[in-house]
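I am opening a fresh notebook page for this complex. The entries below record what I looked up, in the order in which I went through it.

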Amino acid sequence: MDFPSSLRPSLFMTGPLGLSDIPDLSFMCSWRDTLTLPESPPQNCKTAAPHSAKALLWQPAMPGPLPLLPPCPDPWDPGVTAQDLLFRGGFRYRRQPQAVLDVTEQLSRFLWDHGDIAFAPLGKMMLENFRLEGGRNRSKKPVVSAKRLLQDLSGHQPWGCPWAYLSHRLRRFSIVGGPVLGKSVSRLLGGLLHEELATRWERLLLDEAFTGGALAWLPGRTPQVGQLVYPAGGALDRLRFQDVILTSDSEPQVLGDPGCIQLQGPVRQVVTSTVQGETLLAVRSDYHCAVWKVGRQRRPAPLQVLQVEKGATGISLSPHLPGELALCSCSGAICLWTPQNGLQQVYKDPETLVFRDPSPWRWADFTAHPRVLTVGDRTGVKMIDTQGPPGCGLLLFRAGAEASCQKGERVLLTQYLGQSGPKSLPPTLHLICTQFSLYLVDERLPLVPMLKWNHDLPSPALLAHLLPLASPGAPQPLFLGGLGGQVRLLHITGKEASAPQLAGPPQSVPSPADSLSAFPLLEPKSQKQLLERLEAPTIGLASAFPPCASTPAVWLFQLSAAGDIFYQHLTLQTASSLHQDAGPPSDPEPDCPVPRTTAPPVDQRPIPSWTTGATACCSRWLEALLQVPSAPPVWAAPTFSHRRLLGRLKHQEVEGKVLQGLRAAMVGGRLLQQKDLGLLPPAELPPAPEPGPQDELSERLEEAWEGLATAWWRKQQGKAPEPGKQARRPKRRTQLSSTFSSLTSCLDLPDTASPPPTLEQIPTEARLVTPYSQESAEQLWVRGVHSERQQTLRDYMAKLPLPKSTPAPEHVAMPSSQASCVQATPSRLPTPGSQPQRKRPRMGF
Amino acid sequence: MSDLSEELTRPGSDGDQVETCVVSGAGMHFPWLRKHLDSVAAGGKKKKDFAQTTGACLSLAQEALLQQQWPRAAEFMYSYLQTLEDSDSSQRQAAPEIIWKLGSEILFYHPKSNVETFSAFADQMKNIGVLNYLKISLQHALYLIHHGMLEDANRTLSQAETWRYGEKSSSQEILINLVQAYKGLLEYYSWSKKKMELSQLDKDDYAYNTEARNILSHSWKTSVHFSALIKTPGVWDPFVKSYVEMLEFYGDQDGARKVLTNYAYDEKFPSNPNAHIYLYNFLKRAKAPRSELLSVLKILYQIVPSHKLMLEFHLLLRKSEKEEHRKLGLEVLFSLLDFAGCTKSVTAWRCLASYLRQTLMANHLGWVQEEWESRRNWWPTFHFSYFWAKSDWKEDKDLAYEKAFVAGTLLGKGCKYFRYILKQDHQDLRKKIKQMKKSVRRYSIVKPAVD
């Protein structure tokens, strides 16, 4: 192999990260990398137009990626956000905002929601061991009996409601015992909760589980056919094999149903590699790794499964020897794994390489020498000889002044960029990604990056993919994907005798969130659901590259954490954008036949737009998505003592279609509609709002139209406001009730007799699900609760989602407001459900 | 003023550190932390409108850049320039670097931009703030060199060279050295151009003497330019190369050797293979003794065993009388063929085949076995699999032939690779293959099982 005959000048300093006294020569722009120093003096200066300044562009066919498959039927929950974890507000006077975990809020929520867990153990202990007795000379009568106290408390949480009844006994006890009893439990709880929140927050900042990506492309027998391998299902534990046909212009075709393998844990990484005609597929889960051999008929045959007790962090397949894998675990051990010979530990060091970093993340990959592996952690990358004495090796990359790293910079991903053919990049290059930059390092010249580019990705760059050559000598596209869906595309050239460099300006590739405009406009709730789905973290990146197309084209596939696969089609366009008017551009080097399509100049190229096919595809997908039920609530807090209230009452079995319909509606969280109840004959339409006195505006406009506005105004002023209001209210109520009666009169209720239904007899379900029922419901509560309603209510309460900080949908928020009103005066919450109480805007301008 | 400069030289404010340490505790910096915080901050200090608009302009300009929409990026850039008037001093200080970075990129690719526009922009940027003058001058000069305007580049560099600000800090010194080195490189260009013209002139020509004098006057100037920089640790290939060429031309062999030796063996420098390659080539040109060449190549062998010079190293070792050198010669070949990039090198395989034959003929079976021991479990699948036999035969028959001999020698007659090649009936190679079969039977290190 040849080594680049002349490397770009760079300063070499040893030292820690962020050493400020070094002039950072990477204070360079991307164009600086396209510059090359002429080896010999340029002979013909004036006409030597720079051929490297070609504006290479992979033009996407659409403004955004499109979904390839119908949405995964399992609901998807985006999980905790920063809003759930962090303290809100409070850094008003700081220039740099600070992340402070909101343990207090979470602790108080926990005490509210899981009071039984938080306090019951203490109570149980007290029950047996606690006796507060009078002095010796007094009677032996206990002053406070724990049993009685607990009886007072049992089954409900008096702190759940400000109006709840507190016995004197309780109050006395809390004053006496508070300082002694309160602390130990809450301290322990607080500590544990803080630990949990810190882990969650760290995972939110950097979820390293999906490093490397969980999507792979298995090329088929012809370049147009291939297979996508990816995890599916809500828990990402089903490994799917989907056949895909790539056509040259339109969308890829999905062939048949995917093959499926059920695994016992979530799939974190999927890698494939074809060595000497043998294709292998390796999968990493949290505590297991497995390898399959993909045969001729593309049927995967399992070879071996491995359990990793400490947790596996990375797996890679050898590009040199078929069936050889490198495996690393959280304990810091690196193993070479062949299904025939089993495991061979080649390196173990629980400490990090360069400086101390708490992260247990490790990574291993291969190098140009089949017996030498790279070992990476957050602080650096080392090359180790698996046959040499253990423990020795050579640092390939060091997070420090050598690569002019910034303060706080850490390695996120390392990848061996070998396995390319002749006339492409030398097989000694390694890609190293940090939060800020991308480095290309040659293993023959360790520590000095051959190329550094500031990628500016707004999310951790955990996915990278180098494509083979479009044509011999052309730049190789390198995709770099962030967890947030952003993808950058770099054009890298560098044959054996020259250092790798960027052949054109880096570009960005649309992310799934850019596709929002292809979907029809939706109501806010569905829109939010769609947006959440499109913005789900990208956990896999794969690309297919049919080489026979007339213009070089790439299919890029992205897998989201929600289980969706998005695809986009990119075609290569080259245009000499620089100095178009300064004479004809010089011919490219004879050994560099870059495919020259007659591309328009960059600023005149058409901006991609959605085709009708694309929007139709999106609409279909959206329709299927909206059918997917939303994620079930993790746990619902019973907010009041209804457990006690309802628990003592007997279950009364109520049967009937109505109730079933109601339950189904409640489970799905949607409105109960007439059609859900099946048998209903078409009911008469609810009466339209009569143009009554409340419709002042239209009335006034009418009058004004006829020129009687002043008269109307006087008339209006003359009216006493109070009686008017009172007059309106019953009217509205009769309207409401008539709405209900029109609905309920047709129901075949088992316990309603023949007399026409009155308001009181309307089943609660109708009220609960209909937002207009508040007023009447209050009255109902006061009068006592019907038995069938109790059952309904119990079921309903059990389904209540956990209240979140995000505004909950109305039909969820309402019953709790009702419930809190049992023993108190009716409080009027400004929910949309309480519309009848809202005052109309006063007239007059 | 000196207070200000101190503040300026310290990038990364202390605030950043505190920010991340609190929660992650790891000292790792998360560029996306800000986004999370912004989504939470309900009561925090709101950004000013000014900061909001400049921030929006910046992100839009970056986005347009990544989509290669240069005119659009230029428009946003134009609006972003207001950030220079930001009342927030940290923003204002960071701005020139960002403006230069984005602005120069836009102007480099913009279809309507030309050298004049770029130069005007660079000249303006140099004088905003004090810390960027040298860096921008350097990049400006590179841009001009790239466009073939060497004289303008030289002028820019000369201006930068004389620029001083405050006390000379070490970072400034390195940058000035770098500026001087690039200037030296430009002088080297004009020197080698003149040298070429000179070689075309007749020696008796009148002009020859003046030209020759011109060239001579260059020497001391450039040596000053290069010598300061190449003492600083780094990768300075183009400078060292041209410096040595000039020194050699003026007959300063010792000086050239000193430069190259220092470049190759100074421990503060990275282990740059080119340093050793340059030194080797120089010694070869200087007709240095073989032992010296061998010692240089031995070090190169330790750094890059896959380099193509290793074949030369092997040939040198082969010719050596010392036994240990001849043994090393075998090791060099084996290690060269370990690497993925060298597997298809016919020359290397041919060397190995003939040297194996030679070694085994000289009864050094032990050497071969020693090398083979560590490769026994992976070379067969790496080199001598059935797949490679088929594809090598298809692509390169010579390669397949050489490999087959090595395979047969190392693995015995039963080896898949050897048997596959043997089975092929090829007219031109028939005789050769027959010969190979014979020599494999004779030399194979694997003794055939007793039938």
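**Helix α12 of chain B and what follows**

I began just after α12(B), where G251(B) takes a positive phi of about 80 degrees. Before going further I noted that this is a predicted model, in which local features need pLDDT of at least 70 and side-chain atom pairs count only at pLDDT 80 or more, while totals for chains, interfaces and linings use all residues. Residues are numbered from 1 along each chain as its sequence is written, chains are lettered from A and ligands numbered from 1 in the order in which they are written, and side-chain values use heavy atoms, with hydrogens and water left out.

I then checked the length of α12(B), taking helices as DSSP runs of H or I with at least four residues and strands as E runs of at least two, numbered from the N terminus. Its 13 residues, 237-249, should span 18 Å at 1.5 Å a residue, and because the end C-alpha atoms are 18 Å apart, the two values agree; the expected span is 1.5 Å times one less than the number of residues. Among the residues buried in this helix I listed F239(B), V240(B), Y243(B), V244(B) and L247(B), where buried means under 20% relative accessible area, exposed over 50% and partly exposed in between, with a 1.4 Å probe and protein chains only.

**T381(B)**

Next I looked up T381(B), which lies in helix α20 (residues 379-382) of chain B and counts as partly exposed because its relative accessibility is 37%. Leaving out residues up to four places away in sequence, I found that T381(B) touches Q276(A), L321(A) and W388(B), a contact being heavy atoms within 4.5 Å. The side chain of T381(B) also reaches the backbone oxygen of W378(B) at 3.2 Å. Y355(B) is 26 residues from T381(B) in sequence and 22 Å from it in space, C-alpha to C-alpha.

**Confidence**

I recorded a mean pLDDT of 82 for chain B, with 88% of its residues at 70 or more; pLDDT is the predictor's confidence in each residue, from 0 to 100. Among the elements of chain B, helix α1 (residues 2-9) has the lowest mean, 34, and helix α14 (residues 273-285) the highest, 94. Over residues 1-25 of chain B pLDDT stays under 50, and the model has 32 contacts beyond four places in sequence for them. Where pLDDT is low, the predicted coordinates should not be read in detail. For the complex, the predictor gives an ipTM of 0.89 and a pTM of 0.76.

How values were computed:
Polar contact = N/O pair within 3.5 Å; in protein donor to acceptor, adjacent residues only side chain to side chain.
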